[in-house]
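The following exercises practise the reading of a protein model. Each task is followed by a solution in steps.

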Amino acid sequence: MPEWETDSGDDEDPFGDFEIEDLSDDEELLDAVLKEDEVQATGKVSTLSGTVTNTRGELVIGANVEVTVGGQTYVGKTGADGAYSLAVPPGLHTVTVRQDGHQAKAYSEVNAPVNETVTLDAELVPTGQDMVVEVSAERNKEVAGADLEERQSSVATRDIIGRAEMSRSGGGSAARVASRVVGATVVDGRYVFVRGLGHRYGNLLLDGARVPSPEPELRTVPLDMFPSGALSAMDVQKTARPGTPPDFAGGSTQLATRDIPSDLVASFGISTEFNTETSLQPMVTNRGYASSDLFGFGNAPRATPDWFPDDSPVGRNVPDPDNPRLDLWSPEEVEEQGEAMLTETEILEHRRAPMNVSGKFSLGNGWTVGERGRLGVLVAGGYKNKHQTTEETVRQFGGSQDGTLDEDSPQVDYAGERTVYNVAWNSIGLLRWEINPDHKLRLLALYSRDADDETRDQIGIAPGVAGPDTLKTTRLRYVMRSVALAQLGAEHRLPRASNLTIDYFGAVAQARRDDPAIRSMQFRQSPQTGEFRLDDSSGPSSMSQVYLDLVDNSANGALNIALPFHGVRGLDSKIQIGGWLETRRREFYARRYTFQIVSGTNASIPSGVGNILNDDTIGGGGIGDLQPLVLNEVTRPSDSYRASQDVYAGHAGLELPLARWFAISGGARIESSDMEVEPFDTYGRPTTLESARLLDLDILPSASILISPARPVEGRTLNVRLSGAKTLARPEFRELAPFSFTDFVGGRNIAGNPNVISSDIWNADARIEWFPGSGEVLAASVFYKQFIDPIERVAPPAMISFANADSAVNVGGELELRKDLGFMAPKESSARKVFKRLTVGANFAYTYSQVRLRPPCDLAVGGGAKTDDCADVVDKSTSRERPLQGQSPYVANAFVDYDDSDSGFGLRVLYNTFGRRIDTVGALGLPDIYEEPRHTLDVVLSQRLLQVYTAEFVPPRHVVSVQLGASNLLNAQVLHTQGDTKATTYAYYPGLGFSLGIDWRY
């Protein structure tokens, strides 16, 4: 046999004439094959014998029964009848039983007398049956079908995507995987919404630890910050359990990292993408900072000058604290400050967008340490460099005299280009030390950085601002988001204490969002000359700059203790207790600046839309100064705040099988939360604003029932799950703040409401599922959610605020199918092998939701007498009963998958859509604004080009494959509409994407 070969055209089989023989009908031959790897003791021995089954009463074939004595491990194997026989030296031993897809089980102090036979029957728990937040090294999620095996044995309602499924997703981040979850939609390519519920109703854990969001007003954590190369599974739990943080209603997304590699693992991939709306097309952009922007560090050169004072505003008209009648800064100092600002505002339109590129890698290895220990290291990461140009339409409508939407005369009607240059990279490092099978340590470090360099150029009319004249608005914005997290954890099993297990971890994290130099300009076109000039009629808003910085420091930790015991009929049961601690500290800073026009100098402002702000136009505003523009700081006392939250929780639960086919699980969690938001003035000026505080003490029960009648036909399993739990949704810091601030994305003022309270959510789920074969499932679910005091955005005059609605309900159902098509051809047919490789799947979730707002306190809306139950803010929302904001009535996913391991060819077709959902609640009689349904279709093809065989019966090395991808093939329009006629308020086409990538795997 040659030393190595490839499958790129050579006909010679590296295994020679090796053939696969089906032994399933020959039990004697199967037993002989299984027992080839046994290691039996000789001489004076004792014999251990028994049968190994799982918790469903099924025989476990090929399980290892191991005893280690003096550095020598003796191994017996179960045969086709699930029985084993193992000769061991006499004495007291610890007997370990293990099999892939099941949790290993150890029996301590087993007495084995010489020349006697000891009967020891074992029952193994399929992986995941008792997982809450711990990550067990015994769970093998790397193999195909392990996700369904784990889901099959779980009492809770959950959907799991395993490592094998992740590897076929065609991307380097977890976001590409989430769309396979039943009832899930990936929004903006980053956020996962479960069962149509938006940002407020989900949380994310990494190896049990809370991951903070870098967005100031979003709880949802972007999934593209996690490299999929370091993950072994994505577990979306749809019903709460006592050990899980309960602040979710749609789903708790739990990511588990990979375990100790059994050997050297390495992979590298690079890809490029062409977008039909962007790549090689003209784009709007700015000069930027090429070297800093390349890796997402462009926030540093865009920051305010280091020498600006921290204790005082800058610019003109700042009073001297020692003599308020005088200005603190001289005209010369004001001019120096203005010229030191980042005043580059010119929009460049002659550049063409490059192709998008991305890369990913993973590297790891494992080593034996001592007699029974293992040490493993794994690092993984990814990088993305992407341009996206969109032709946007932006409209705002008012009401007509008859109370309907005035579509003929929009208050704002803009069209233009927006280009976002996104750079994102992430890295994760894992260290695992298995001191012995009973004691394990784990260390994790994560860093993710993401930056958007946005350039926007719009033209249109805004009659309320400039009458019939045409306006041109530009905006340059750079946003950097980062998350850093470190976690240290351990797991201990105490065989002498009935295999009691203790799992604990501690984690610290920092999320940061730096948003420097939001530079906005507004120009008006002259009706006479057609020339654009700076719009001096708009006052300071025509030239504004805003600097924002948010830092969110957090820490969390958990302790979980599980005590196994033999319960009813000797079945394995478990008591679990634990605690949870979480703390957050946030600081948010904002500094606002404008360049004002000096009276009488309008004529000296340059015409056109180039760099109006420069050393020749920026002055100090002194007497005789002819330079027309002068810096003025307008930072408000309400623009900055500090916030804190402390959460303390304890939980207890019981898992109690009453029969092999019937198990109950339940418990309760008690959780205390203390949230506080304190406004402060950046410069220490006095303020009358008060702090807001929210104290909660919640008791959160949960219960589940699993009915799993044995079905001996081909090992098929039917499960029925019934679950109920209480969860909650807490307000975000900014929603609780009793002061107004600016939504710098939309430009509207937002006022927090200190009267907002947390929402209670009662959840009920029922699911029936059938697993006809490995990797196959057919399931149907129904769910009901009752929201008490749900938090909603409401619309007071001229701003947005928050209030508790009276109640809301979500009622829905889910259908899921995942099946290979092998049944379509006879067993003896050559076509069966082809159909067996072809898998189809689909899932559909439908949800009916309705929320009821309290009567408006303002009698101008709705009429009638004011009641004690009216809304606690002046609420101008039009719809008093409507679907939950952001709730999609339906979500559908479908896929077709072909995987030929012989030739290395793979094909995957993915489809997703969601139902029409409210984006913005309408006010003052105007209807709500909806996001219209969007259909997406993606295709990924892969082909193995090379693989190297180093020895017989050893997996190949140096596997090289190529991928071709096509995304958003339907080029569905992103469309927001308002009113019965669905008048467009916002629209653009994202374009089609075509990608080419190559991967190497050792």
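**Exercise 1.** Determine which residues of helix 6 are buried and how they are arranged around the helix.

*Solution.* Step 1. In helix 6, residues 331-340, the buried residues are V334, Q337 and G338; buried means under 20% relative accessible area with a 1.4 Å probe, protein chains only. Step 2. Viewed down the axis of helix 6, these buried residues lie within an arc of 95°, so they line one face of the helix. The arc is taken from the directions from the helix axis to the C-beta atoms. Step 3. A general rule agrees with this kind of reading: an α-helix has 3.6 residues a turn, so residues three or four places apart point the same way. Step 4. The cover over the buried residues of helix 6 includes strand 30 (572-597), strand 31 (618-619) and strand 32 (629-633).

The model is predicted: local features need pLDDT of at least 70 and side-chain atom pairs count only at pLDDT 80 or more, while totals for chains, interfaces and linings use all residues. Residues are numbered from 1 along each chain as its sequence is written, and side-chain values use heavy atoms, leaving out hydrogens and water. Helices (H or I, at least four residues) and strands (E, at least two) are DSSP runs numbered from the N terminus.

**Exercise 2.** Describe the open sheet of 4 strands and the pairing of strand 2 with strand 3.

*Solution.* Step 1. The order of the open sheet is 3-2-5-7, with antiparallel pairing; two strands pair if DSSP finds at least two bridges between them. Step 2. Strand 3 (72-77) and strand 7 (105-112) are the edge strands, since each pairs on one side only. Step 3. Strand 2 (residues 64-69) is joined to strand 3 by 6 bridges, and the two run antiparallel. Step 4. Opposite V67 stands Y74 in strand 3, and opposite E66 stands V75. Step 5. The hairpin of these strands has 2 residues between them, and G70 takes a positive phi near 60° there.

**Exercise 3.** Locate G364 and state whether G364 is buried or exposed.

*Solution.* Step 1. G364 belongs to strand 20 (residues 356-369). Step 2. With a relative accessible area of 5%, G364 is buried. Step 3. Leaving aside residues up to four places away in sequence, G364 touches P261, D263, L264, V265, V377 and L378; contact means heavy atoms within 4.5 Å. Step 4. I260 is 104 residues from G364 in sequence, yet their C-alpha atoms are 8.4 Å apart in space.

Notes: Buried < 20%, exposed > 50% of the residue type's maximum accessible area, 1.4 Å probe, protein only.
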